[in-house]
Every structure is written in structure tokens, then in C-alpha cells.
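Visitor: Could you take me through one helix of this model in close detail, and then set that part within the rest of the structure?

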Number of protein chains: 2
Amino acid sequence: MRSTPLQGKMGESMKLKVKKLHFASGRPIAVLDDSTALGLGVRPHERIVLRCRGREVIALVNVGWHIPSDVILVNDEVVDALKVENGEEIEVVPTPPPESIEYIRDRLKGARLSYREIKKIVEDIVYDRLSEIEIAALVATIYQTGMGIEEAYYFSLAMVETGNKLELNRTPILDKHSIGGVPGDKTTLILVPTIASLGYTIPKTSSRAITSPAGTADRAEVLMPVNLSLEEMKEVVQKTNGCIVWGGALYLAPADDKIIRVEYPLSIDPFLVPSIMAKKKAVGSTHLVIDIPVGRGAKVKTIGEAHYLAREMIEVGKRMGITVACALTFGEQPIGYTAGPALEAREALLTLMGKGPGDLIDKVTSIAGLLLSLVGVEKGKEVAKHAISKGKALTKLREIIETQGGDPKISPDDIPIGDKKFTIYAENDGVILWMNNKLIANIARLAGAPKDKGAGVLLHVKLGDSVKKGDPLITVVSEYSTKLQTAEKVFEEQPVIGVGRPEEEMLVDIVPAPRPHERLPIIER
Amino acid sequence: MRSTPLQGKMGESMKLKVKKLHFASGRPIAVLDDSTALGLGVRPHERIVLRCRGREVIALVNVGWHIPSDVILVNDEVVDALKVENGEEIEVVPTPPPESIEYIRDRLKGARLSYREIKKIVEDIVYDRLSEIEIAALVATIYQTGMGIEEAYYFSLAMVETGNKLELNRTPILDKHSIGGVPGDKTTLILVPTIASLGYTIPKTSSRAITSPAGTADRAEVLMPVNLSLEEMKEVVQKTNGCIVWGGALYLAPADDKIIRVEYPLSIDPFLVPSIMAKKKAVGSTHLVIDIPVGRGAKVKTIGEAHYLAREMIEVGKRMGITVACALTFGEQPIGYTAGPALEAREALLTLMGKGPGDLIDKVTSIAGLLLSLVGVEKGKEVAKHAISKGKALTKLREIIETQGGDPKISPDDIPIGDKKFTIYAENDGVILWMNNKLIANIARLAGAPKDKGAGVLLHVKLGDSVKKGDPLITVVSEYSTKLQTAEKVFEEQPVIGVGRPEEEMLVDIVPAPRPHERLPIIER
């Protein structure tokens, strides 16, 4: 009901003296004194045009106090754009808010957005014309009402169109993505060379860990540089058919990175589908398998929920010209026996050398088989198994390592692992009934992962294994004693791995009656 | 579906060297280099505890680049809290997000919030534990689904409890509020001394203009200081029964100010009801009239919508122990003949001297009458008229002016008005059919109001007046020629005042057929 911010503040302008903040923020930012902002008629999170000697840039307004009234503080992005020095005078003019704010407001009122509107929103996000408050309102409304196929497709498309693209001029282009949430998932490190060794193109971009002990980029970085440019990535793929590079600096679907910055503090991710689909389309993927780990400790808790998500991604993929299949995988325990960059890189290498754990091999070959089936290969799982057991996949990985600038002769023993360790042992006989994935991830992070590559956890058991009292269950590995001690404390506070006999212990836990004023939690969707 | 940000980042800590930013931001803020933040395991908008020599403060994390990895940039709030100097080392520890983020997420999922949860959210807003992204998500979800009586009451109560209170130990305490949106509304300047002159207590706090040419605080400031402390305000009311002070620095319902900072860029105000009710409760109001101007150019467009809003405020008032009545007033043209701080202060003074325009006098006395009826005064409108016509209200205003520190002898001619002017004349004979309130407000702002107190607009006509071609319609007044020219341009672009003959001109405007890809606008509620 309030009038738009544009009202009554066109036309005013001021000359202000530059003072450099001496840091970059990812977008042009200016800080004005409260009184200066009042004089200009601008408020926090609004936009001003800064002009100097024929150059201009739009900056977001921050308002402060105790700043001289003739001074404007500017970050490195402004300095770089205007080429100004401390004390130089620049012209400052308020600028109207982008029209995409109206679309976000319409969405809050219940409208669904057209492609033209979504394209404008995404452009304004990419070019830093929307503030994080405005993006947060968008994220909130989409989370609250759901995105739906149509909007998910529009956002995916708009994100692709506003970013870089990998132009390989090949077809088919295979790809794989995991929505994550299970510690120790080194599937990609094995799957990419397996597929590439069969002559298929798989230009894999990966992320670093945010809340987990290792992302694929962190794991791969133990073996080779992953911070490649788009041009370098292209060369690697043209030479080897595959690559494993960090996607964060490639400017593929850059709107997504800015949306994630806002989603993260709220711990919600309503842009999951476009985020995945846009990045895949940007590298030209034509055939894609999405791994949805399902389980209590994973992101997706139930098969039903996984099917819902899968349908969305398949449907959006169809509209984008990508053949998508989804693999629902068992996500109630870590994949293989390790979590942490170096431990996982070692386990992946060992697996390619024929010494891998059963669940990891099955996961890799199942997904590889599904992916190969999309391009008409029959018995793809067997084909993939063969590529691994005959050493073709290992040879391909070494080729990729070399082309990306790593040491192709690296052996598992060359990979340094932290030398500070402690082990937790079974307190009674029984069967491994459950593992708390989130706690295991936390412990690995407290031990130092992903920053300390040699930190992490090593499991001695998997679900269903029988153990005797005193058998080792899990070893925490760290590069620093202090971090090891911090990680150790978790075991004192909460059970991490459950050992028991279900036929004797049906009571798993007790939920006490709520205290007055306590509200029952919302069931997670 | 993503795990909470808390996951896996407890326990890490770092020593960093302080570098001062040399400005205040309204809350403690620290800027870390991207790599330093990664090492600490914190991300933008998360919180860190800063410790130094026994002192500590929680700061919000900003992430930048090009900052030395052993340096932390801090604003004045951090410097003041820790008493640190440039180069001093401080301890930096990540801290978990406040639990109120979970309540906001629950609200996004469809839950309604309990009082305990709302209290926690409001506290975390007041104490700067929630970032603006998190507040934006709250604002968005409340806008999207509506607040309802229960939540509005809880928010009002929580806002009162987390701010200052005016303790007058008097009863009844009368009050008046306008939800605004009509230019030239100087009702309060006349109503407060009228009510106070009748022996009733009316401790009025007012706001400054945000998008309008003048707020009540801007108008009153032409006559007297309005930037009083709570203690000073109390003294004025104890002496004169009334006051007109700026509410922005009194720390009444401080959560509201922080919420408004986030609502503003989105041009939405879902917290309207608690925002009003909390500030009234904080000054101890027992009887309150809320003015809801209704009309095409006002905030509220229709009578139906006004009734809905009125019911909400009456209901929330009841729960807070405030007797509320709402006055729906005609809002299709400015009140009186002026808009702009000095022009309006002059018109208010003249009105109290018996030389006021009919619509303004009727508005003041109608609202005063309604307010007096709440405390059992019969024929209150006549009583108020009498207080004005007999000069009692003027004497009271001069008393308030003197007690607040202004010149009690001020006459309308003492008030300086801008000397740059231009006038728009009728281009044909006819009747004044409509005025565009928003454009009139814009023109007054472009002319310099509210910053230039002497700027604004002066109407020569009101709705229904008959004019001849060449009669003056509106004069724009400014202190600067450049601003006058900017304001003048508006008239070239859009009609501001409609002169015509409805019996001959039924076609008001034409909406062309939409172009392909153009979506019809959402009808404003």
C-alpha cells in the first residue's frame, strides 16, 4: 500500500569526495552518512549512479554515521569502475529501483511470473541491481508457495542466458549431479573417468563443501588443480573427454551463486531445481542422471519426496532439451568408509585400483549404467564395472589429472593424512543399526575438513555389520590436536553410531510431553 | 531441506588484527576476507563473537576480498564495544544463528507463531541478532499470508516490551494517528493543541516524511524543536498536556524501525498494524482515533479495504487495553491548500487564528469530536470547534511551542517560504474533477520538500470548484531555481489536476490492448 520508492526523488544530485574502503564486496557499494543520504533522498539498499570523468557505475547505498557529509566511502568495485583516487570528487545521482522489484511484489501477492519477468529478475540479480533484501523476499515467496515446473523452467533458462556457456560442439554430452547430503560421497571421482574411458564426453563441474566435510571439488583438488578457467576446462575435455573442475568461478548461471548467498542464512533452497538444471544446460549437457540420496540423515528423507523432486527435474529437463533420469540412492550412512578430502581421494583411487568398498562400487556402476542407458548402451552397469576392473577408468583418471596439471603417477600412499587420531569402540555386542550422517559430517568438519585436506573420519563398520564389545567403530583423523579434541567432544554429547539388537530393543527414543508454551515442530517436507 | 548453518562450525576460533572502518552502521559489523571467513567457517550474514580484554560483542559478518588474511575490519559500534585500537589483536569465534531463524522458517512453511516465538523474533531484531535477509524473509511471508489479529497483537505487545515507555501516571491518555498518504495533512498540528486546551492529555509522537513532502514532525519543526528526549517529552506533557515530537529517536518499539528499513525497499508494509499500535501503547495511550484517508491517491483505495483495516486495529487495540475508533476520511485531494513543511505550518497557524479552510477545520473537529466521544464528551465536534474559534487552541499551541523551545510569538508571516515560484493555469473552463495526490506530492518533493522547509505546493482550487480558462490552479514554491525547474517538468509529462465537464466527457482514459508478452498488472488490494 506504500507508494513506490521512486516517488519524488528523481533529479537530485550531489558532488562528493571519494574515500576508499580498500576491500571488494562482489558488487559496487557506497557508504554515505545518514545526513548525506537524506539530502540525496536515498535510503539504505537503494541505488545511486556514480559518475566521474565519463565513467559511471551503479552502486548500492549503505548508510552510516560519523562520516563527513562531503565524503562517499566506496569499495574496490567502484574504484575499479571509475578509476578514482582518494579525495577526488564524483557526481552522485539517485536512480530509480529496477522494475523487477514490482514483479517480486506481484509474486508476493500471488501472481505467477512470466518468462519476461523472470528474465528481468535474473538479469537484475546478475548485474547487482537487486539488493539482498529484495532477493530474500523472492526466495521467501518461492519457498512459501513452491516454484512449480513452469517457473522452474523459466528460472533455469534465464540463469543459463545470463551466464557463460561451454561450447563443445559435441553430442551427446553426459553429466551427473548429486543433490548431496551424504558424507563421503566420492562417486563422481570414479564415475567421470569411467564414463570418459568409454568414449563419452562428461564435462563435470563440481562445488566445494558448504556444510559437509568435502565437496567433489575439495576431493578432486587433492589429486589435481580444479580452479580452471572455462577455456582451460574446454581444452581438458577436448583432450580427455572428461574433467572435474570447480564450477564456482566459471560464471555458469551466476545468478544462482547470488541467490544461494541469500538462501544460506535462511537454511532453505527453493531454487534447487533451476540451480541444478541451469548449470547443466550451461555446459551443454544432453543426458543427465541426478542422484537423490534418500534417508533420515540426507537432504531428502522419504522416497515419496524424492519422487516428487525427481518428477520436477525430469519435467524441467525435458523443456530444456536435456534427457534426465533420477537415481534414488540409499543415503542412511556414508558412502564407502571415509569422509574428508584426502581420505576420500585415497579411497577413490583405491577403488579404481580394484580395492573399493561394495556400496561405493555399486553406486558408481548403477549411476553409470543408468547414464549409459540414456544414450542407448545396454547393460551399462556391466560395461562400467568392466571399465573399472580392467583399469581403463584408472588410466583415464590419470590422464585427466595430468591434463588438469596434477601428478598422473600419484598413488594412494602419496596422499598425506592427518597424524592426530582417536578411535571410538563398541560398548556392547550387537549390530550396527544406524549412523547419524549429520553428526559424522560435523565431526569431520570439527576435525578440520574441508580446509585441512588431511582431516576427516574413517569408518570401521557399516550398517548391518555385527560387532563385539571393544571393536573399533570410527576413527577421527586431524592435522591438529586442538581440532581433534573439539571433534572428540561430540561423542560425549550424542550417540553417533547405534549398536544394538532390534529384536530386544524396540524402544528407540522417548519424546517427552511438551512443556507449556512449547510448540510442536513442523514436520520437514 | 538444506541442513542448518550451525552444522559443523562450532568451536573454531581465530586471532585477527583490528582495522577501523571509521563509520557507524547502526549495528556491530565486521568485514573479513573471503579466505579468512572460510577458515573460520562463517559465511556472509552469519554472526561472530569478538573478544578483547574481557569485553565482547556479537557482529554480523560481511565478506570481502583484497583484505589481509590476519585483519578484521570493524565499524564504530565494534570499536566502542571493545575499546580497541588499530592493529590490536582480538579473538574471533563463530556463533550459532539465533533460534528465531527457525521460527521464521516455520512461518514460511505455514505455521502461525506463538507469542513466545514472536517475542524471541522481536528481541533478536532489536538486539541485531537477525540479519536484514532474515527480517526480509519474515516481512515477505507476513505480507504474503497476512498477519491476522492474533499475530498482530503478539507483535504489538513484543514491540512495546522491547522498547522505551513513557510513564505519565495519568488517565485517560488520548492519541491520534493517521496512516497517511494524503499530501498537506496538517490535522495533528491543530488537533493536539485543541485536545490539550480542553484539559486532556495527548502525548503525540510523529514521524518525518519518507515519500511525502512533509511528515508531522517536519511541519512542527518549522515552529519548534521536535527532536526531544523521552524525559524532555514527559516534562512538556506534564506542563502543557500535549506535545508534538519526533518519535524516531525515542526508542519506542525500536524493532519497528528496523523492520521498516527492510519493508521500505520492497514498498510493502505488512507490519502496519503492530507498528502503529506498539508506538501508541508505548506512550500509554488509552483512547485512540486512527485516521484512514480513503481515495485513489491515498494508501487505502476503497471504503471496504478501510473497514477491514479498521476492524483489525480496533480488535488489536481491545486486546492491548486501548479504546480505538477509526475515522475514514476523504483522501482524494490534499487537505487544505498547501503541502510542504513551512507552507503547512503557516496554514495550521492561520487555521488556529480563525482563517482556515473548511475541509481542514472539518477534519480536525470531526476527529477531535470522535476522540472526545471515546472519553464520554458529548457533542465533541462542537466543543472542539469552540476551542478553536475562541483562540484556546492557539494559546495552547503557543504554550507547547514555548515549552518545546520554540518562539511562542511566531506569526504566519515570520515563516520563510521559498521565493522561486511558478503557477499552472486552467487551459479550459470547467470543474475540478480530480487531483493526482501522488504527483502533487512528487512535485512538492522535487521542489525541495521536506528537506527545504520553504518548498512545496500551493493549491488555488479544490475538487468541485468551477474555473475559467486562465485561472490559477497550483503554484509550486521552491528555494532553488534548479529544483523548481525539475518540478516544473512533471506538468509537461502528466496531467496533475483534471478540469472538465463530466456531462460532456465520460471517457476518462483508454487502456490499449496489451502487447504480446505483456502481463496485466495485479489489482492493488
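Guide: What follows begins with helix H9 of chain A and moves outward from there. The model is a predicted one, and every value below is computed from it.

Helix H9 of chain A runs over residues 230-240, and Met233(A), Val236(A), Val237(A) and Thr240(A) are its buried residues to consider here. An α-helix has 3.6 residues a turn, so residues three or four places apart point the same way. Around the axis of H9(A) these residues cover an arc of only 95°, which puts them on the same side of the helix. The elements that cover the buried residues of H9(A) include helix H7 (187-197), strand E8 (202-206), strand E9 (242-246) and helix H16 (392-404), which belong to chain A. Directly after H9(A) comes Asn241(A), with a positive phi near 80°.

A positive phi occurs again at Ala253(A), where the angle is about 50° although the residue is not a glycine. Ala253(A) sits in the loop between E9 and helix H10 (254-266) of chain A, and it counts as buried because 30 C-beta neighbours lie inside 10 Å. In chain B, Lys83(B) also has a positive phi, about 55°, without being a glycine; its place is the loop between helix H2 (76-82) and strand E6 (89-95) of chain B. Lys83(B), however, has 10 C-beta neighbours inside 10 Å and therefore counts as exposed.

To set the helix within its chain, one may turn to the domains: chain A is divided into domain 1 (14-95), domain 2 (100-146), domain 3 (174-252 + 260-412) and domain 4 (420-500). Between the centres of domain 2 and domain 4 of chain A, taken over C-alpha atoms, the distance is 43 Å. Elsewhere in chain A, six strands close into a barrel with mixed pairing, in the order E1-E5-E2-E4-E3-E6, and the twist from one strand to the next averages 45°. Within chain A, strand E3 (residues 47-52) and strand E4 (residues 55-64) pair in the antiparallel sense over six bridges, and Leu50(A) stands opposite Val57(A) in E4(A).

Towards the end of domain 4, which spans 420-500 in chain A, Val499(A) lies in strand E18 (residues 497-500) and counts as buried because it has 22 C-beta neighbours inside 10 Å. Leaving aside residues up to four places away in sequence, Val499(A) touches Ala426(A), Asn428(A), Gly430(A), Ile432(A), Leu433(A) and Val467(A). The peptide bond from Ala449(A) to Pro450(A) is cis, with omega near 5°, and Pro450(A) is placed in the loop between helix H17 (437-446) and strand E15 (456-459) of chain A. In chain B, a cis peptide bond joins Ala449(B) and Pro450(B), with omega about 0°.

Finally, the two chains can be considered together. A turn of 180° and a shift of 0.1 Å along the axis lay chain B on chain A with an RMSD of 0.1 Å, which is the relation of a two-fold axis. In the contact between them, 64 residues of chain B meet 65 residues of chain A. Helices H1 (34-40), H3 (100-108), H5 (132-145), H10 (254-266) and H17 (437-446) of chain B each supply at least two residues of the side that touches chain A, and the largest share of that side, nine residues, comes from H5(B). Because 100% of the interface residues of chain B are also interface residues in chain A, the copies meet through the same surface.

How values were computed:
Residues are numbered from 1 along each chain as its sequence is written. Chains are lettered from A and ligands numbered from 1 in the order in which they are written. This is a predicted model: local features need pLDDT of at least 70, side-chain atom pairs count only at pLDDT 80 or more; totals for chains, interfaces and linings use all residues. Domain bounds come from an automatic or database domain assignment. Copies are superposed by least squares on the C-alpha atoms of residues with pLDDT of at least 70 in both. Two residues are in contact if their C-beta atoms, placed from the backbone, lie within 7 Å. A residue is buried if 20 or more other C-beta atoms lie within 10 Å of its own, exposed if 12 or fewer, and partly exposed in between; C-beta atoms are placed from the backbone. Helices (H or I, at least four residues) and strands (E, at least two) are DSSP runs, numbered from the N terminus. The arc is that of the directions from the helix axis to the C-beta atoms. Two strands pair if DSSP finds at least two bridges between them. Axes are lines fitted to C-alpha atoms, for helices over the stretch in contact, and angles run from 0 to 180 degrees between N-to-C directions.
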